[in-house]
Amino acid sequence: MSENSTQKWAAGAATGVGSMPGGDAREAARTVTGSLESFPYLAELPARGPGADMIGRTLGMLVEVYGHVEPSGWRISDRPGRDTRRAHSWLGEDLDALEEFTQGYEGPLKVSAVGPWTLAASLEMRNGEAALSDPGACRDLAASLAEGLRGHLADVRRRVPGARVVLQLDEPSLTAVLQGRVKTASGYRTHRAVDRAVVEGALRDLVAVAEDGPVVVHSCAPEVPFGLLRRAGVTGVSFDFSLLTEREEEVIGEAVEAGTTLFAGVVPGVDSRLSDPAGSVMGVRTLWRRLGLTPGTLSESVVLTPSCGLAGASPAYARSALDHCVRAARSLADNPE
């Protein structure tokens with residue numbers, strides 16, 4: 001078993017990914033805690049604008065690194081400005097709402113931040129190029145993120161003392177970073193691929209920030225590097241189940257056998273017609289049989305989620321999607337075969 005694989009949630013668990021529709025923090029917290037009574041999370045509300053998006057929110061957590069919005073995206077600044085203050089304010093509002101609706105709660109509680117490599121691929125330096133182009137800037141960002149997350153996790157634990165805080169690192173650009181597919185500012189070239197050992201080392205350092213708490217890495221992009229993430233010591237890998245290919249099955253089996261939890265995104269993140277809960281997990285059961293894994297371990301090794309964030313969904317569908325994940329997870333626990 002991996003060193004970070006201690007079970008931190010009940011078998012047959014379900015949770016969300018990150019974003020929710022709308023801009024009302026209290027309504028989002030009410031929906032999340034009402035639907036996901038056993039595994040809620042701190043919602044992101046990107047519809048509010050820059051600073052509430054996942055890059056902006058994470059920028060607001062950084063220590064001694066600031067950012068402001070340019071037409072091309074977020075750019076590193078010398079000092080905190082209006083955009084940084086807005087990010088701080090919205091995060092505080094979201095935390096206040098979560099605290100209100102988790103009074104007396106005991107159990108897993110997930111919070112999210114953008115991981116170091118997606119952050120480096122998304123943040124521009126003063127010359128307009130991504131921080132990814134400068135190894136020193138990448139190291140500085142990762143160190144600032146680590147320090148900021150220590151404070152953020154401590155704040156959440158103080159606000160919800162009964163919670164076992166789960167840290168999710170959002171890394172949708174991780175595969176592109178590893179494969180050298182992140183475009184330069186001109187759009188005509190791509191940045192050089194980052195060495196896998198360097199990528200793994202930075203992620204391992206972020207895992208250590210959680211102080212033995214669970215760390216999940218989320219990517220809704222194809223070709224998630226399951227093996228690298230397992231070696232980095234993460235507790236779980238969150239992904240869009242519909243994007244899996246057969247060539248990934250062996251490394252997924254190795255990860256599960258090593259104790260890594262699969263956060264399988266089986267419910268569409270945008271308004272769709274939902275099948276019955278058992279139908280939503282049919283592919284998960286089929287994968288388990290192909291891998292030759294014990295059916296009894298299925299509900300302990302898999303947490304069900306939407307395929308990605310729900311920011312693009314209607315409020316009614318977002319509630320239905322979270323409720324559906326809970327029912328599907330119960331179906332998986334009741335009938336793993």
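In this predicted model, the second largest pocket has a volume of about 270 Å³. Its lining comprises 15 residues, and those closest to the pocket centre are Gly 12, Ala 13, Ala 14, Ser 38 and Val 326. Helix H1 (25-35) and helix H13 (315-334) are the elements that give two or more residues to this lining.

The largest pocket has a volume of about 350 Å³. It is lined by 18 residues, of which Trp 117, Pro 135, Cys 138, Val 194 and Val 198 are the closest to its centre. Helix H5 (135-159) and helix H7 (196-209) each supply at least two residues of the lining of the largest pocket; H5 gives the most, with 6 residues.

The linings of both pockets divide by residue class as follows.

| Pocket | Nonpolar | Polar | Charged |
|---|---|---|---|
| Largest pocket | 12 residues | 1 residue | 5 residues |
| Second largest pocket | 9 residues | 4 residues | 2 residues |

Helix H13, which contributes to the lining of the second largest pocket, also lies across strand S7 (261-267) and strand S8, running at about 160° to S8. Both strands belong to an open sheet of 6 strands, ordered S3-S4-S5-S6-S7-S8 with parallel pairing. Strand S3 (107-114) and strand S8 (302-306) form the edges, each pairing on one side only. On average, neighbouring strands of this sheet are turned by 25° against each other, direction ignored.

Within the sheet, strand S5 (residues 215-219) pairs with strand S6 (residues 236-240) in the parallel sense over 4 bridges. Val 217 stands opposite Val 237 in S6.

How values were computed. Residues numbered from 1 in each chain as written. Predicted model: local features only at pLDDT ≥ 70, side-chain atom pairs only at ≥ 80, totals over all residues. Heavy atoms only, no water. 1 Å grid on protein atoms, 1.4 Å probe; cavity = no way out; pocket = protein on both sides within 12 Å on 5 of 7 lines; lining within 4 Å. Points joined across faces, edges and corners; volume = space filled by probe spheres on them. Nonpolar A, V, L, I, M, F, W, Y, C, P; charged D, E, K, R; others polar. Pairing = 2+ DSSP bridges. Axes fitted to C-alpha atoms, helices over the stretch in contact; angles between N-to-C directions. Contact = heavy atoms within 4.5 Å.
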